[in-house]
Amino acid sequence: MAVREITYAEAIREALREEMLRDERVFLMGEDIGLIGGVFKVTQGLYEEFGPERVRDTPISETAIVGAAIGAAIAGMRPIAEIMYMDFLMCAGDQVINHLPKIRFMSGGKLKVPAVIRTQYGLYRYAAAQHSQFYPAFLMNIPGVYVEVPSTPYDAKGLLKSAIRDENPDIFIECAALYRLRGPVPDYEYTIPLGQADIKREGKDVTVFAISYMVHVALSAAKKLESEGISVEVVDPRTLNPFDKKTLVESIKKTGRLVVIEADHKTAGVGAEVLAIAMEEAYDYLKAPAVRLAAEDIPPPFSPKAYNASLPNEEKLINTIKRLLKHSR
Amino acid sequence: MYYKMVLVRRFEEKVVELYRAGEIPGIAHGYIGEEAVAVGVCSALRRDDYILSTHRGHGHSLAKGIDPKYLMAELYGKKTGVCKGIGGSMHSTEPDVGVIFSSAIVGGNIPIAVGVALAFKMRKEDRVVVSFFGDGATNTGAFHEALNLASIWKLPIIFVCENNFYAISTHVSKSVAAKEIVDRAIAYNMPGVVVDGNDVLAVYDVTLKAVERARRGEGPTLIEARTYRWLDHGMYYLGKYRPDEEVMMWKQRCPIKLLKERLLKEGIATELELSKLEERVALEIDEAVRFARESEEPDLDFVKQFVYVR
């Protein structure tokens, strides 16, 4: 029983492997996940260990991949489908929106859909507008499907294991920019309940609600601000559905200030929902207007200079927090 | 088979009547004229084989064995319905008799059916899956992706295209580039069979062959059953897009009439026996309507519990 340092990608691979060993109904399918272990190498070694029946390379057919995952799930299997880029998820839009979240409901509870759709979005990969998108808010807007956005190796492993065991459909959104991030992960069995936010750092002056990769930007900013006497609390939702309102609201009550930092677009993004919750449930505690730092409302440009400028970053966050503290009531 | 076909016919006639009277809410699509497809196909299946159905699915549900009273209650939106009044006319699930799911998105059930077949194959069960869809669905990407995947993986599935020649108003000649829908099987390296969809015994025969092939692990088959819907696309008149002579010709080829003539001619059944079956159906339909009318409606709190497993 020890805690090791492993990468985010290794943590995901461990979760997949352990669940495949634990439950023979669990299997993987997706484009290039078998023979070459995935284009991001997340599933490396699993094809060799479990064989082509349980680690299935598929054609480039996102609709069939997600549809087949749904079908296998309602017939009693535990499929984990990989959609190589989040951008490609909407190639399977009909299955993702009209089927995955609705089958249990439409069947009057007779069916369950314990499928996991793993996908990833990249940051700073300069892959232009069709290989860089991150649209979690859109998925939050569809009742019936859980959405995970892990930020650390520890969370990725624990959440993925829970998602696989959970009886509901999940869209598990990984961040490619985190795949090589190392972090502590126990070598013993653990899971993380879905719908439980994590306070990544405690603070008393301002709550920074940070999603996925932006958790690390927030932690870095918090460290710098500490030397200036500003105490930042970093809240990581970990799952967007179920959404842990309680942890968010408690944190706002404590700090009186809220900044959301997210790599999705600002308009109708996750931050819009978070701010609405703050208004509805913590208005009296706010000492300053809640604010959002998000990606610009433009498709991700290729130009590295323009692309970098379109995203929130540490400097913008630090300036925002300082401004917020200055203009508080 | 005769009993099942009459059951579907009378059920649908009753639905039209109740719908027009304003008793059944929402939208519904009638199966009248196509009964031989559902009944012929489902008669070739075991109870534990699964079917996936469509927006025009009442016939499939009844043919596979759902009790008409639970289906009627579903159409009424009642708690006792086959989907507790949450699904409505276009959604039906009763795994006990092998009706796993109906999608109201054209083409939507086809990839899901492939996944069900994958589960059967991975567990080495000798069960098969039937995916029903119409001619229009063969123009969706989902159809093509699903047939390709099913063929690559040699899955135990039968794709049953109910070609009634019109996707709402658009004739197949204006929407399908292939000469015949069945030709689409060639692209996916699977057998394709055309059958007279108004001849229930012919449908049964081709299905049985496809089922046996699937159970032997030899993979999928595409069946194109040519048939006709007597009603409009839904319950409303959408305009004239079919020649009167065409409708008349197909009505003369009524699948129930054809079977009845054959049963009498070959001395398999007598008029009396068939009319007794018809009487039994009439009673069942009356009972289904009574049951549906008397059942309770679900409220908001009741339906909320079925979004997630918690």
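Leu28(A) stands opposite Ile80(A) in strand E4 of chain A, and this pair of residues is a convenient place to enter the model. The model is a predicted one, in which local features need pLDDT of at least 70 and side-chain atom pairs count only at pLDDT 80 or more, while totals for chains, interfaces and linings use all residues. Residues are numbered from 1 along each chain as its sequence is written, with chains lettered from A and ligands numbered from 1 in the order in which they are written.

Strand E4(A) covers residues 78–83, and six of its six residues are buried, a residue being buried if 20 or more other C-beta atoms lie within 10 Å of its own, exposed if 12 or fewer, and partly exposed in between, with C-beta atoms placed from the backbone. Helices (H or I, at least four residues) and strands (E, at least two) are DSSP runs, numbered from the N terminus. From E4(A), Arg78(A), Ile80(A) and Glu82(A) point one way, whereas Pro79(A), Ala81(A) and Ile83(A) point the other way. Strand E2 (residues 26–30) of chain A pairs with E4(A) in the parallel sense over five bridges, and E4(A) also pairs in the parallel sense, over four bridges, with strand E5 (residues 116–121) of chain A; two strands pair if DSSP finds at least two bridges between them. In E5(A), Arg118(A) is the bridge partner of Glu82(A).

Leu28(A) leads on to Arg54(A), which is found in the loop between helix H2 (46–50) and strand E3 (55–57) of chain A. Leaving aside neighbours within four places in sequence, Arg54(A) is in contact with Met20(A), Phe27(A) and Leu28(A), where contact requires that the C-beta atoms of two residues, placed from the backbone, lie within 7 Å. Arg54(A) is partly exposed because 18 other C-beta atoms lie within 10 Å.

On a wider scale, chain A is divided into domain 1 (3–186) and domain 2 (198–326), with bounds that come from an automatic or database domain assignment. Their C-alpha centres lie 26 Å apart, and 23 residues of domain 1 of chain A are in contact with 23 residues of domain 2 of chain A. Helix H7 (136–140), strand E6 (146–148) and helix H8 (153–165) of chain A each supply at least two residues of the side of domain 1 that touches domain 2.

Between the chains, 35 residues of chain A are in contact with 33 residues of chain B. Helix H3 (62–74), helix H5 (93–99) and helix H6 (103–106) of chain A are the elements that give two or more residues to the side of chain A that touches chain B, and H3(A) gives the most, with nine residues.

The largest nonpolar core has 200 residues, of which Ala69(A), Ala218(A), Val114(B), Val116(B) and Ile157(B) touch the most other members; such a core is a set of buried Ala, Val, Leu, Ile, Met, Phe, Trp, Tyr and Cys residues joined through C-beta atoms within 7 Å. Helix H5 (residues 109–122) of chain B gives the most to this core, with ten residues. Leaving aside neighbours within four places in sequence, Val114(B) is in contact with residues including Ala64(A), Gly67(A), Ala146(B) and Ile157(B).

Finally, in helix H12 of chain B, Val281(B), Ile285(B), Ala288(B), Val289(B) and Ala292(B) are buried, and the buried residues of H12(B) pack against helix H1 (2–20) and helix H4 (68–75) of chain B.
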